[in-house]
Structures are given as C-alpha cells and as structure tokens.
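The following exercises concern the arrangement of helices and strands in one chain. Each task is followed by a worked solution.

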Amino acid sequence: MSNPASGVIPGYETTFITRSELSDEGLKTLQEKLAQVVTQFQGNIVLNEDWGKRKMAYPIQKELRGHYTYFVYTGKGDVVHEIERNLRLHEDVLRFLTVNLEQEFDGAKFQKQRTDLQAAAERREKEREARREERNAERRGYDDRGDYRRHEMDDAEEMSMSGAESDEE
C-alpha cells in the first residue's frame, strides 16, 4: 500500500452490480455506506456514476438483468478490503470488481480526463447520427424515385389493360 507519512493517497475504481429489483432507496443506502467507509479511511469520492439497469452477458444467481454502479475513490490503508467486505455482506450485490488506478492518484486530473473522454464520445455520437441521417435522406430520395417509377409502371399497365380491353370489344 502507500506510505502514510508521504501524504500520497492511491486511487481505486469499483464497479458493482446489484439486483435489478433493488429499490432506488436501497441503492442509495448502499452508496452512502460505501461513502462512509471511504471517509473512514481518510479518502474521498472522486466519481459516483449510476450506469443504470442492463442485461448481463450471462445469468448471475439466476438474474438476467442488473443495476450497474461505477465508483472512483481514494483512501489509505485497507479501504479496498473494507469496501469489498461491505459489498460481500450486502445480499443484493451480485458482482463487483475493484481496480487500483494509481499509487499517486490525482482526482482533479482524473475528472478532467473523464470529462474529455465523455466530450469526445458525444462528438463521435453526433457525427454518427449526422451520417445516419444523411444515409437515411439518400435512401428516402432513392425510394421516392422508385415509387415514382412504380407509379409510371402502374399507369403503363393500366393503359395496356385498357388497350387490351378495347381490342376485345
């Protein structure tokens, strides 16, 4: 771990999945408990994201959907051990994963990198949407021409039919 005298605090990220039936109030209580653990170990919460309910890749304890939460924090000593102990004890937690980010963690730098990544992802999504709209507009234009030709064909068929009827008479 880190040397407490140096004043350097390591950073960690924990992602955990809870049962989808867990109420918002129950999830909030769990998050508050984890926040208390972090402050107990002279750390602070850098980021707490709710990723929402998602379908899992495979069933866990017969559950197909889970509520994902992403938690970034700092702390001294056995903060990870205590966080994971609390997650293990909670009956609605299906899985969790903790990753050591850095031994000399800078929360402000992490927040800036995270904001930059999210902005880049939003830009890419807007560009994708613009290309999708462009393709759809091209397809609509093609379909309109196709519809137009189909109408011409229908008119030609009608004329040939009316011509065929007039020949029969």
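**Exercise 1. Determine which strands helix 2 lies across, and its direction relative to strand 4.**

Solution. Helix 2 lies across strand 1, strand 3 and strand 4, and runs at about 170° to strand 4. Angles run from 0 to 180 degrees between N-to-C directions, and axes are lines fitted to C-alpha atoms, for helices over the stretch in contact. Helices (H or I, at least four residues) and strands (E, at least two) are DSSP runs numbered from the N terminus. The model is predicted: local features need pLDDT of at least 70, side-chain atom pairs count only at pLDDT 80 or more, and totals for chains, interfaces and linings use all residues. Residues are numbered from 1 along each chain as its sequence is written, and side-chain values use heavy atoms, with hydrogens and water left out.

**Exercise 2. Establish the strand order of the sheet and identify its edge strands.**

Solution. The sheet is open, with four strands in the order 2-3-1-4 and antiparallel pairing; two strands pair if DSSP finds at least two bridges between them. Strand 2 and strand 4 are the edge strands, each pairing on one side only. From one strand to the next, the twist averages 20°. Helix 1 packs on this sheet and touches strand 1, strand 2, strand 3 and strand 4, contact meaning heavy atoms within 4.5 Å. The direction of helix 1 makes about 25° with that of strand 3.

**Exercise 3. Describe how strand 3 pairs with strand 2 and with strand 1.**

Solution. Strand 2 (residues 45-60) pairs with strand 3 (residues 63-74) in the antiparallel sense over 10 bridges. Isoleucine 60 stands opposite glutamate 63. The two strands form a hairpin with two residues between them, and glutamine 61 in the turn has a positive phi of about 50°. Strand 1 and strand 3 are joined by nine bridges, also in the antiparallel sense; arginine 19 has glycine 66 of strand 3 as its bridge partner.

**Exercise 4. Which residue forms a salt bridge with aspartate 92, and where do the two lie?**

Solution. The partner is arginine 19, with the closest N and O atoms 3.7 Å apart. A salt bridge is a side-chain nitrogen of Lys or Arg within 4 Å of a carboxyl oxygen of Asp or Glu. The pair links distant parts of the chain, 73 residues apart: aspartate 92 is in the loop between helix 2 and strand 4 (93-102), and arginine 19 is in strand 1 (residues 11-19). The whole structure contains eight salt bridges.
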